[in-house]
Amino acid sequence: MSPISPILDPLVHTYVPASRMNESLKNDLVAHCQDILKSHIGHKVDTNFTQLTDMVKRRLLQLSPNGTSASTFSNLVVRLLDQPVLSRKQDAILFLFTLSSLNGRQQPTIQMPMLSQPPPLKVQEVPPPNDSTANTGPKGRSNATRLKEYRAHKGISHMNESLLVRDTLYLMQGISGKYVRFATSNEDEKKLVFISEPMVTISSPTQALIHRLAELGYLYSRVETFVREREDATGVGMIEQSLCHYLQTQLTEYYRLIAVLETQLTSTQREDVDSHGAFGAADEETGLSLRRLDVWVNDWRLRMRMMSVCVEGARDSQGGALVNLIHSYTDNGDPFVRKFTDELLEEVSRPFFATLHKWLFSGELYDPFEEFFVTADSSLGHIPYVHPSSIPGGINHLSNDGGFGGFNGDTEELSGLRENGQKLWETKYRFRKDMLPMFVGESFGRKIFSTGKSLNFIRYSCLDSDWVVTREKMSNTGGTLQYGDIGGLERSIDAAYRLASHRLFEVFIDKFKLLDHLSALKSFLLLGHGDFADQLMETLGPSLAKPANTLYRHNLTANLETAIRSSNAQQDPVDVLRRLDARILEYSHGEIGWDVFTLEYKVNPPIDTVLDQEAMEKYLKLFKHLWQMKRIEKTLDKSWMRVTGGAQTFIHLPELEFEWHKIRLVIAEMIHFVRQMEAYCRLEVIECSWKVLIDFLNKKEGDLDALIDAHRTYLERVTKKILLWNSKPGKEEVLLRQVLEIFTSILQFREATDNFYNYCLTESARKDREMDAERGVYTGHAAEGDAASSRDNLSGLLDRLKDYGSGFSDKVQTVVQQLQIHPDLDCRFLGIRLSFSDYYKPKKDQQPTKS
């Protein structure tokens, strides 16, 4: 017994359990293992390299007499000698040659379990499988062996693989072959039909392999159909055209692969001698087999699947949405899918980047198929921007009256264009988030949108002659925009955004004097020029006290010009003063001039982009409120001067001195209220908000939208705080109405005070006449009953003064209480300033003082 036999016995028993019960099987397996161990595989043979190659060539000529294999081996040897990596090249060839020699030897007859050698077939009598004699063979015979015996008996053979390869090449092009074809019905378009000959069959594994290869033909048909449909269709977008171009390029490469495979199949068929007719033996080998074909087209199968997925998505998407769909496949762990998607995006995104470059650096939108994430309003595309230089006579001839009238009200066409000019910035171009590619991002998309809009605005609205220089600067900020350089794209977007925004700020502030216009609105409509407001109040006061239907605009304009020339407002720029105008609002019966008078500031494009119609309406609303507050202030000043000066100088009524004292207290209380309201509006609201706006303008950061938002925020803050607007639903203008009622009470009290003053003058004159009569000096005739009627009038006057004074205090107390719970902090501080000594604290909340 061999010394290694005890080691091999347990190994054979472990891996072949049947050998435990069959001693002869175990001995055969052990002997076979010993033969393997005693073989000379890997042992060095003392032969030189030339002899070894000659031996291999002779062996190959025996196997393939046509010499093809030997020629191929010679080429491989030459290439092997050129490789510096392998050091033992002769040993490697010797090892492979020894293996091939072992495969050609006669293998020992070993009966493996369930794979026993079948007995010799008797061709004369082979019963069919269903016959009872079919089960009389050896016990270990398999079903595959029985099927092989049955087919050999019936003369049935496997179809020649070269024929199947030829049909498979047809299937890969979406064409039905001779023996394998696609199903004709639309419902079974993915199904294959195998046409079998009477004495030839196609095995199930081969059918499965053909099914796998035919998937390429199905996918190819879908992609080609999509490309053909888009070629014949109208209105196909540029991005979709670019996708079709890439798909067509890939299909061309696929055609080239099919052509190469067909050429190889044809050359192989020419070399082979078809000795068995159309259907040869099943084990006949060809140069191009189905398995080799499956290996070669594996990459194309993945590529076709990706193209088919993109085709299905492109049917419902276009433009940026289609780019997003393709970009979503880049988040894939498969390197092949990621690489293919990157290549596809590089090609498909070229029209997008061409449109982006034109929009980002020129402000021009060329998007005929609406594929870009910026869209233009076609209804506004034909409306040009209106610039002052395009108006006949320019800004110096804004009106025909030679004064401060602004635009001519009869020029309807010009005002219509002006209204459209205000809408162009916000409505001509719109941002479409659904078309924005994901690799750009919304923040950069907003910057791109703003940059192009700013350049377009500078070019067409501002008529800036230096916009070409700005475009050149922006074009030099980066290189070519492309998908492969997302970092460079972001840098170019940031640089272009900064340059366009900076230039836009320069145009608005330096060329169109936006800061001068904002200062003029603050000085005139928000009454920032105190001396101008005082002069205007003095010149217009007598006229505004008249009924509204007696006022004329030219008189108001003349008074406005007088107030300007009498104050420091005359130092303002002429362009600003010419935009100022006096207006009379629509009035109803019974209204007076104070109710319908207002100032108006004319703006024109492109300034009206910032100072739009809504903003000007808020300025007019603020002017009306501040103008009324100014009227109350002047009324109280005159009343105080009369009460403290005239009453003590001309009136000598000691019995009414206490009443005058109470009147002075009420007027002082009213003056305190109005002065605190004015200080709050001027210092706490307007000046603080103005400081924030000026700081933003000095930074020159952001785009025109940021400038518009900054001004709207400034105006919104001023409006809400001055008008004491409450954010709670249903209580927005409650405090404003109460303040207006307080103003009305002040005017009523002032009227009652004037009546009381007139009564005191009359009573003092009457007493003077009586005293003169006692001295014998005749100074006039005293009417009978004057004393009685005066006493009756005095009682009514004192009652009205008391009612108006107490009503004022009650209303102020109510306002203070609501201000103390107001959600705005500045409004709560106003309540503290109005009642800093808790004067308006409710009586029930006041602590009784202990003596």
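Which residues touch the most other members of the largest nonpolar core?

**View 1. The largest nonpolar core of this predicted model.** In this core of 108 residues, Phe 532, Phe 597, Tyr 619 and Phe 756 are the ones that touch the most other members. Helix α25, which spans residues 657–699, supplies the largest share of the core, with 17 residues. Apart from this core lies another one of 75 residues, which includes Val 180, Val 223, Leu 344 and Ile 448.

**View 2. The surroundings of Tyr 619.** When residues up to four places away in sequence are not counted, Tyr 619 touches Leu 518, Leu 521, Leu 525, Leu 526 and Leu 611, and also His 711, Tyr 714 and Leu 715.

**View 3. A salt bridge between distant parts of the chain, Lys 621 and Glu 733.** The side chains of these two residues, Lys 621 and Glu 733, meet with a nitrogen-to-oxygen distance of 3.7 Å. Lys 621 belongs to helix α24 (residues 613–650), whereas Glu 733 sits in the loop between α26 and α27, and the two are 112 residues apart. Lys 621 is partly exposed, at 43% relative accessible area, and Glu 733 is also partly exposed, at 35%.

**View 4. Salt bridges within helices α26 and α27.** In helix α26, Glu 716 and Lys 720 lie four residues apart, about one turn of the helix, and their side chains form a salt bridge of 3.8 Å, N to O. In helix α27, Asp 754 and Arg 750 are likewise four residues apart, and their closest N and O atoms are 3.2 Å apart. Asp 754 counts as buried because its relative accessibility of 15% is under the cut-off of 20%, while Arg 750, at 31%, counts as partly exposed. Elsewhere, salt bridges that share partners join Asp 534, Lys 630, Glu 633, Lys 634, Asp 637 and Arg 675 into one network.

**View 5. Positive phi values at Leu 724 and Asp 838.** Most residues other than glycine have a negative phi. Leu 724, however, has a positive phi of about 55°, and this residue lies in the loop between α26 (704–722) and α27 (734–774), where it is buried at 2% relative accessibility. Asp 838 has a phi near 60°, is found in the segment after α29 (825–834), and is partly exposed, with a relative accessible area of 44%.

**View 6. A nonpolar patch on the surface.** Phe 95, Leu 96 and Leu 99 together make a patch of about 260 Å². Leu 96 is placed in helix α5 (residues 89–104), and this residue is exposed because its relative accessible area of 56% is over the cut-off of 50%.

Terms used. Residues numbered from 1 in each chain as written. Predicted model: local features only at pLDDT ≥ 70, side-chain atom pairs only at ≥ 80, totals over all residues. Heavy atoms only, no water. Patch = residues over 30% accessible without salt bridge, like charges linked within 9 Å, V, L, I, M, F, W, Y side chains within 5 Å. Areas by Shrake-Rupley, 256 points an atom, 1.4 Å probe, with all protein chains shown as cover. Salt bridge = Lys/Arg side-chain N within 4 Å of Asp/Glu carboxyl O. Buried < 20%, exposed > 50% of the residue type's maximum accessible area, 1.4 Å probe, protein only. Core = buried A, V, L, I, M, F, W, Y, C linked by side-chain atoms within 4.5 Å. Contact = heavy atoms within 4.5 Å.
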